Amino acid sequence: MFIIPRIMTADELLDMAFGRAKKIRDRDKKIMTMNKIKAVKKGLHDALKNYVRAFPSFDNLHPFHYELLDLLIGINEMKKALASLEWAKRKIDNIANYGIKRIRKEENYAEIIKAVYGRISSIVYEIDDSLKFLGDARKKLGKIPSISPNVPTIIIAGYPNVGKSSLLSLLSTARPKIASYPFTTKGIIVGHFYIERNHDRKKVQVMEVPGLLDRPDKDRNEIEKQGIIALRYLPSLIIFLIDASFHCGYSLENQLHLLEEIKKFFDVDIIIVENKADISKGKTSYFKISCKTGEGIEELREEIKKRLS
Ligand SMILES: Nc1nc2c(ncn2[C@@H]2O[C@H](COP(=O)(O)OP(=O)(O)OP(=O)(O)O)[C@@H](O)[C@H]2O)c(=O)[nH]1
Ligand SMILES: [Mg+2]
C-alpha cells in the first residue's frame, strides 16, 4: 500500500556518498576535487529527495488512512522528520556549491574538501534521529493492509474471542489466525469477496477489527483504537458478532452493551449475528450461525447481498 525505500542511517548515507566520491579520479587535482564534492552532493541530495517523495502526502489521504497513520506513527512527527530531511538537502547543496566556488578561486583543495566533508557530515548527523524515525515509520507503514476506502466494506466487530476471524475466513479470501484466546487479532485484517448479479461482479471488502471491549474511548489501547477508526470511516455494513455460549469468556450483557454503544456512535446498517450456535443452544433471537459446523453461513451470505444491494 505504501511502498517506501529502505531508509539509511546517517552513517550509512555518509558511507554511500563518500564511497562514491572516493572512486572519482582525475589527473587534474582541481577537477577531481570538484567532482568529488559534486558526487557527495548528488548522492545525498538524491537519497533525501527519494525518501521525502516516497512518503504519502498526508493532507490528501483519506481520513481513514490519515487517522490510522496518526495513531500508529504520528502525522506531525512524520511531517517534522520529512521537513528536516528537506532542510538537510538544501544545506548540503549550499555547502557543496560554496566549496566548489572556492575551489575555482583558491589552490588549497585538500583543505577545502576536508572542510566541506566535515560540514556535510555534521548536517547529516543532525538528521540521524529523523532518519531513524522514518525508518521505523516505514516498517509500520509496510504492515498496514491494503484497504480501499471506496470499496463497499463490511466490518466484523464484537468482543474478543467471539469468532470474528473464523467468520472472516469463511466469508472471504483472508486467512487470519484463529485461536482460543482473546486478542488474537492485533490489527485490522482484510479479505475480499465478490457479489455476482446479472453478469455484474461487485467487489466487497470484509474486515475484522480487533476485539473491542465495552469501555470508554480514552481507555482503549492502540489496537482497539484501530477498530474504532475503521468503524468511523469505512463500513457500509457492520456484522456484530455475539457469542452467547460464554466460550469467549465475556458475558452476553457486556457484549450487548457494546452493541448499543456501536449503534449510538456509528450510523451504519448492522446485522446482529449469534455465532457458536452449535454450543450456545440458541440463547438469543438473533441470526444464528456456527463457524464450526457451517450452519447459517449461506443464509448470512444471502442477507449480506440483500443489504448491500
Ligand atoms: N464451538 C465453536 N467454536 C467456535 C466457533 N467459531 C469460532 N470458534 C472458536 O472460538 C475461538 C475464537 O475464534 P476466533 O475466530 O479467533 O475469534 P476472534 O473473535 O477473531 O478473536 P480475537 O481475534 O482474539 O478477538 C477459537 O477457538 C475458535 O475455534 C463456532 O461457531 N463454534
Ligand atoms: Mg480474531
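## Polar contacts of ligand 1

An oxygen atom of ligand 1 lies 2.6 Å from a polar backbone atom of Thr184. This description refers to a predicted model. Tyr181 also approaches through its backbone, where an N or O atom is 3.3 Å from an oxygen atom of ligand 1. Glu208 instead uses its side chain, with a polar atom 3.0 Å from an oxygen atom of the ligand. Ligand 1 exposes 660 Å² when taken alone, and the protein buries 90% of that area.

## The shell and the pocket

The shell around ligand 1 holds 24 residues, and the closest are Lys164, Ser165, Ser166, Thr184 and Cys291. By class, 9 of the shell residues are nonpolar, 10 are polar and 5 are charged.

Two helices, H7 (164-171) and H10 (277-280), each supply at least two residues of this shell. Helix H7 gives the most, with 3 residues. The space that ligand 1 takes is the largest pocket.

## The magnesium site

Ligand 2 is a magnesium ion whose protein donors are Ser165 (OG), Thr185 (OG1) and Glu208 (OE), at 2.1 to 2.2 Å. The spacing of these donor residues in sequence is S-x19-T-x22-E. Ser165 belongs to helix H7, while Thr185 sits in the loop between H7 and strand E2 (189-197); the two are 20 residues apart, and the pair links distant parts of the chain.

## Residues shared by the two ligands

Ser165 is listed among the closest residues to ligand 1 and is also a donor to the magnesium ion. Glu208 likewise has a side-chain polar atom 3.0 Å from an oxygen atom of ligand 1 and donates to the magnesium ion through OE.

Conventions
Residues are numbered from 1 along each chain as its sequence is written. Chains are lettered from A and ligands numbered from 1 in the order in which they are written. This is a predicted model: local features need pLDDT of at least 70, side-chain atom pairs count only at pLDDT 80 or more; totals for chains, interfaces and linings use all residues. Side-chain values use heavy atoms; hydrogens and water are left out. A residue is near a molecule or strand if one of its heavy atoms lies within 4 Å of it. A polar contact is a pair of N or O atoms within 3.5 Å; within protein, one must be able to donate a hydrogen and the other to accept it, and residues adjacent in sequence count only if both atoms are side-chain atoms. Accessible areas come from the Shrake-Rupley method with a 1.4 Å probe; for residues, only the protein chains shown count as cover. On a 1 Å grid over the protein atoms alone, a cavity is a set of points where a 1.4 Å probe fits but cannot get out, and a pocket is an open set with protein on both sides within 12 Å along at least five of seven lines; lining residues have an atom within 4 Å of a point. A molecule sits in a cavity or pocket if more than half of its atoms lie within 2 Å of its grid points. Helices (H or I, at least four residues) and strands (E, at least two) are DSSP runs, numbered from the N terminus. Ala, Val, Leu, Ile, Met, Phe, Trp, Tyr, Cys and Pro count as nonpolar, Asp, Glu, Lys and Arg as charged, and the others, Gly among them, as polar. Donors are N, O and S atoms within 2.8 Å of the metal (3.2 Å for Na, K and Ca); water is not among the atoms, so sites may look incomplete.
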